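Here are some short exercises to work through with the model open on your screen. Try each task before you read its solution.

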Amino acid sequence: MTSTDIIKLIDEYKNSNIKQQAMLEKKYGKRQMQTIQKYLTTEYLQDNAKRCPKCRSFISKTEGCNKMTCRNCQSFFCWLCNNQIHGYEHFNTVDSPCYGLLFEGLETENAMDYENAVDNFIMDNINQYLENFNV
Ligand SMILES: [Zn+2]
Ligand SMILES: [Zn+2]
């Protein structure tokens, strides 16, 4: 396997459903796929993405405001306080902790897209990763 193959495989695994992932595990070996899974949830990503308060899947901040939608369970939450919310009233209600902060922190450079974070991380660490992969 070349590094390109592995990146492709990581990508494939990342975009697969549970059934497809099980097939990949059969094909490439569960241990190798577990390495990939571990790789996709490194501390680096935990620092750059947040988890949905409801389903715990990783969320990236791709849109302008702090009202976030989980791609997995479609629930809304607040990027700032990481609480599940119902809508914009979280930012419009005076007694809310995030009143007036709908667009707060937009200039932050930490607002990194999860997909890009994964790709950058893979590219930065591909050599180290290849060692772990037993190619
Ligand atoms: Zn969710
Ligand atoms: Zn909030």
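**Exercise 1. Get an overview and judge the confidence.**
Task: Find how many helices and strands the protein has, and which stretch has a pLDDT below 50.

Solution. Start by remembering that this is a predicted model. Counting elements gives six helices and five strands. Along the sequence they follow the pattern α-α-α-α-β-β-β-β-β-α-α. Next, look at the confidence: the average pLDDT is 77, and 67% of the residues score at least 70. Residues 107-111 fall below 50, and beyond near neighbours in sequence this stretch has two contacts in the model. Where pLDDT is low, the predicted coordinates should not be read in detail. Finally, 13% of the 135 residues count as buried.

**Exercise 2. Decide how a helix sits.**
Task: Is helix α2 largely in the open or largely buried?

Solution. Take residues 18-28, which form α2, and ask of each whether 20 or more other C-beta atoms lie within 10 Å of its own. None of the 11 residues passes that test for being buried, so α2 lies largely in the open. Now step past the end of the helix: G29 follows, with a positive phi near 95°.

**Exercise 3. Lay out the sheet.**
Task: In what order do the strands of the open sheet stand, and which strands are at its edges?

Solution. Three strands take part, in the order β3-β4-β5, with antiparallel pairing. The edges belong to β3 and β5; each has a single partner strand, so one side of each has no neighbour in the sheet. Zoom in on the β4 and β5 pair, which is antiparallel over two bridges. Here F77 has Q84 in β5 as its bridge partner.

**Exercise 4. Follow F77 into the core.**
Task: Which residues make up the largest nonpolar core, and which of them does F77 touch beyond four places in sequence?

Solution. First list the core, which has seven residues: C52, I59, M68, C70, F77, C78 and W79. Then list the contacts of F77, leaving out residues up to four places away: C52, P53, M68, C70, N82, N83, Q84 and I85. Comparing the two lists, C52, M68 and C70 appear in both.

**Exercise 5. Two positive phi angles.**
Task: Where do Q74 and N82 lie, and how exposed is Q74 and how exposed is N82?

Solution. Q74 is not a glycine, yet its phi is positive, about 65°. Q74 belongs to the loop between β3 (67-69) and β4 (76-78), and with 10 other C-beta atoms within 10 Å it is exposed. N82, also not a glycine, has a positive phi of about 60°. The loop between β4 and β5 (84-85) holds N82, which counts as partly exposed with 13 C-beta neighbours inside 10 Å.

**Exercise 6. Link distant parts of the chain.**
Task: What separates the C-alpha atoms of D11 and I36, and which residues does E104 contact beyond four places in sequence?

Solution. D11 is in helix α1 (residues 3-14) and is partly exposed, with 14 C-beta neighbours inside 10 Å. Its C-alpha atom is 9.8 Å from that of I36, although 25 residues separate them along the chain. E104 sits in the loop between α5 (89-92) and α6 (114-133). Apart from neighbours within four places in sequence, E104 contacts N66 and L80. The C-alpha atoms of E104 and L80, 24 residues apart along the chain, are separated by 8.4 Å.

Terms used:
Residues numbered from 1 in each chain as written. Chains lettered and ligands numbered in written order. Predicted model: local features only at pLDDT ≥ 70, side-chain atom pairs only at ≥ 80, totals over all residues. Helix = DSSP H or I, 4+ residues; strand = E, 2+ residues; numbered from the N terminus. Buried ≥ 20, exposed ≤ 12 C-beta atoms within 10 Å, placed from the backbone. Pairing = 2+ DSSP bridges. Core = buried A, V, L, I, M, F, W, Y, C linked by C-beta atoms within 7 Å. Contact = placed C-beta atoms within 7 Å. pLDDT = per-residue confidence, 0-100.
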